[in-house]
Structures are given as C-alpha cells and as structure tokens.
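Here are some notes for a colleague at the bench, set out as numbered points to be read beside the model.

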Amino acid sequence: MAEGAILVVDDDPPIRRMLDRTLGAEGYDVVLAADGADALVQVERSVPDLVVLDVGMPGLDGLAVCRRLRRRGLGVPILLLTARDELRDRVTGLDAGADDYVLKPFETEELLARVRALLRRGHAPDALVGHGDVLLELESRVATRGGRRLGLSAREADLLELLIRNARHVVSREQALAAIWQGDAHANVVDRYVSNLRRKLGDPPLIETVRGVGFVFGR
C-alpha cells in the first residue's frame, strides 16, 4: 500500500468524495478541505506530503493558495486540478508554484500516476538543520526527533527552525514575532506556539523559558 499524507482541496463535494475514496483506497492518508481558506488552516495544522488543489474555487482560488504556500517557503508538491486547458492557464499555474496539473475531467489512472511521481520527487533528500536528535528538513518542513515524525504545523516548523538556528542562545518573543509573524500578532501567541512545540518534541524537554525575555533551545 502507498504511504503519504495528501491534502485534497476542492469546492465540489462529489469530486472531494471521489478523490477521498480513490486516494484512500491506495493507502494514502487523505485530509479534505472545501475551499482555499480551509486549505491554509489544514496546512497550518500539519504540512502534508502533497496538495491536490482545484484551481477554480470561489473566494481564495487555487492559484492564490499556491502562491501563499510558496511565499511561506513551503516546498510541498502541489498538483493542480483545472478545467482550463489553454497554454497560458497552464503556464500561470506553474508560475504560481504548482509542480504539475491534471485537466478535468481526468482518468483515475493518470491522476494516481502523477500523485506517485510527485510524492517520489517530494521524498528527495532536503537540506537539513538540526540540534541533537532533532532534525528539520528545510524544504518539506518535516521535523523529527530521534527518527519520530513530529507533525508540526507550518508556523511550528518556522519556530523550530528559528530556535535551532539560535541553539543555546536566547530567542526573544519580539525576535520570534518579527521573524515568523512579521510583527502582526501579540506576544502571547509565541508562548502558545512554544507550548505546542514543547508538547510535540516530548521528553526530555528541549526548550527553556527565560523569564521576561524569551526562550532557549537545547541549552
């Protein structure tokens, strides 16, 4: 059976259900999103191994989602589903950051072949940062501790990278806000994300709070 977490984003319920059944039958762990905003929420919770993304959605469409994921530095493979078969439409999708596309209506065999190809590409070794037994793949944003996958959200992965790059040095709340939230958040959001990160990293604890200042990783 195949392995991998796939986020399926489509505003058409019958297509979502069909993709859920088709990919699930192949052994993939499928997460569904009904629109672009929901897709970004799901990625925030946990970065998937692949995004299957409909282009023509109301509100935040597939191209906008694609661009936002790439602006955040996420290298997760993206497969676009589109009814637009003009060359300029395909070029626009690729320029937005997509890795491949399938034209609607599509054959199941073609879809699965493209999914397999993108997942193989996504499993190529990434550049790493790490400290001790904690590793973070910079492109995929997959983090592990002692070989155990941590299932971090995109922001949690960003925070972990900041802490690893400053290991044994204090990272202030202000520094984290500026680097990860571009200053557009309250200081208490940093504490919340640090708490989540501590829980996912497990024992022995790796993040120490420096009262009134910030946090130290791996002291």
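1. In the hairpin formed by β11 and β12, where three residues lie between the strands, Gly212 adopts a positive phi near 80°. The model is a predicted one, and the phi value should be read as a computed feature of that prediction.

2. The two strands of this hairpin, β11 (residues 207-210) and β12 (residues 214-217), run antiparallel and are joined by four bridges. Within this pairing, Glu208 is the residue that stands opposite Val216 in β12.

3. A second place to look is Leu79, which belongs to strand β4 (residues 78-82). Leu79 has a relative accessible area of 0%, and because the cut-off for burial is under 20%, Leu79 counts as buried.

4. Which residues is Leu79 in contact with, leaving aside its neighbours within four places in sequence? The list runs through Leu50, Val51, Val52 and Leu53, then Asp100, Tyr101 and Val102, and finally Leu111, Arg114, Val115 and Leu118. As for Leu19, which is 60 residues from Leu79 along the chain, the C-alpha atoms of the two are separated by 13 Å.

5. Turning to the whole protein, the secondary structure consists of eight helices and twelve strands. The radius of gyration is 19 Å, close to the 17 Å that the globule rule gives for 219 residues, so the protein is as compact as a globular protein of that length. Of its 219 residues, 47% count as buried, and among contacts between residues at least 6 apart in sequence, 60% join residues at least 24 apart.

6. On the surface, the protein exposes about 11,000 Å², of which carbon and sulfur atoms supply 49%. The protein carries 31 positive and 34 negative side chains, and the centres of these two sets lie 5 Å apart.

Methods:
Residues numbered from 1 in each chain as written. Predicted model: local features only at pLDDT ≥ 70, side-chain atom pairs only at ≥ 80, totals over all residues. Heavy atoms only, no water. Buried < 20%, exposed > 50% of the residue type's maximum accessible area, 1.4 Å probe, protein only. Contact = heavy atoms within 4.5 Å. Pairing = 2+ DSSP bridges. Rg over C-alpha atoms; globule rule 2.2 N^0.38 Å. Areas by Shrake-Rupley, 256 points an atom, 1.4 Å probe, with all protein chains shown as cover. Lys, Arg positive; Asp, Glu negative; His and termini not counted. Charge placed at Lys NZ, Arg CZ, Asp CG, Glu CD.
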